[in-house]
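Trainee: Could you take me through one part of this model slowly? I would like a close look at a pocket and what surrounds it.

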Amino acid sequence: MAAAGQPAAPVHDAATGGLAAGGIPPAMPPDPSAPVSGSPVSGPSMSDPNAWRRFVRRHPLAGLILQRLGLSVALLFAVSVMIFGGIEALPGDFATTYLGQSATPQAVANIRADLGLDRPVTTRYFEWLGGALQGDFGTSWASRNSVSEQIGKRLGNSLFLAFFAALVSIPLAVGLGMLAVQYRNRLPDKIINIVSLAAISLPEFFVGYLLIMVFAVQYGVATFPATVYDGMGFLDRLSAIALPVATLVLVVLAHMMRMTRAAILNVMSSAYVETAELKGLSAFRIIARHAAPNAVAPVVNVIALNLAYLVVGVVVVEVVFVYPGMGQYMVDAVTVRDMPVVQACGLIFAAFYIFLNMAADIIAILANPRLRHPR
């Protein structure tokens, strides 16, 4: 120990090999990777391979939703490849169909060059996909009109038809499913099951023709064909789509009702439902307040599948009732081999189907309390 008034002896710094007066180590050189004082600290790098895993562990709900979104986009891209490639693989040629069998090879070659069919398939695919992402599906080969403009009119008609079919079928299916559970194994339940099985067994074109024969031909209380046009009044539109809507409702109602019944019956065996029964609550209140909310996930999935059918599966119904929607437009395009129209309709149908299923998955995720309130 140094005497009072004497300077402290230098201490050897083993780390740096130097001496620091008073035993104080020398200042270390600044770390270039350390954040500079006053500068914002950056978050985790997106190039970190473990960043996504940490994000999912911290936010499982958001992680699952983002995964569903990513899978849906990837699936839509794969479907676009299948649609374009499948149509390219079809036998025959539009130029030959358009000009007839007596067309000369030079005339066929000129038509193919005019439509761009002489270019490589990959080039045409990426041009088509880029235009589709911008809402431009090209020009119809048959009518020389914009495919996007024609689809805009037809898609509105199909969505109008599907909306009112869903507006009728979804509340009716859920209500009948709850009623069947309330009176399970009794007369109302048996009647509902028999009628639903009969409705599932009948194809939509048969149901459509049966409704036409009874309500349009025999009694004359319904409109056929189901023609709508611009400037048509709202009530006139509803009258025109009455039979197509009734056909779609009968086709999708039975499936949704039976799945609702099965999902609620599965929940009815839970302990909290038995507790509600022991408290003396009424059967309807137990089903509506305790069982039905916990059966949301399977019910939403089956509703989404049937909504997708209402948009995608209207092709047969629109043809039967001569309804000017997307389905009728696609069938007309297939008849004349108008490939840009067929590709556009196929991609839009696939996008609706994928989007509705993605929405059902997200709703099922949000309805799961273990994901909404992680420990």
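Mentor: Happy to! Let's begin with helix 2, which gives the most to the lining of the second largest pocket, with 6 residues. Keep in mind as you look that this is a predicted model. Helix 2 spans residues 60-88, and two other elements also give two or more residues to this lining: helix 5 (121-133) and helix 16 (339-366). The lining is made up of 14 residues. If you want to find the middle of the pocket on screen, pick out Leu 76, Phe 77, Leu 129, Leu 133 and Leu 347, since these lie nearest its centre. The space in this pocket comes to about 260 Å³. What is the character of the lining, by class? There are 12 nonpolar residues and 2 polar ones, with no charged residues.

While you have the model open, a helix pair is worth a look as well. Helix 8 (residues 204-218) packs with helix 14 (residues 314-321) at an angle of about 30 degrees, and their axes are 9 Å apart. Angles under 35 degrees count as roughly parallel, and the two helices are therefore roughly parallel to each other. Where helix 8 passes helix 14, the crossing is right-handed. On the helix 8 side, the contact is formed by Glu 204, Phe 205, Gly 208, Tyr 209 and Ile 212, and these meet Val 316, Val 317, Val 320 and Phe 321 of helix 14. Sorted by class, the residues of this contact are 7 nonpolar, 1 polar and 1 charged.

Terms used: Residues numbered from 1 in each chain as written. Predicted model: local features only at pLDDT ≥ 70, side-chain atom pairs only at ≥ 80, totals over all residues. Heavy atoms only, no water. Axes fitted to C-alpha atoms, helices over the stretch in contact; angles between N-to-C directions. Helix = DSSP H or I, 4+ residues; strand = E, 2+ residues; numbered from the N terminus. Parallel < 35°, antiparallel > 145°, perpendicular 65-115°, else oblique. Left-handed = near helix turned anticlockwise from the far one by under 90°. Contact = heavy atoms within 4.5 Å. Nonpolar A, V, L, I, M, F, W, Y, C, P; charged D, E, K, R; others polar. 1 Å grid on protein atoms, 1.4 Å probe; cavity = no way out; pocket = protein on both sides within 12 Å on 5 of 7 lines; lining within 4 Å. Points joined across faces, edges and corners; volume = space filled by probe spheres on them.
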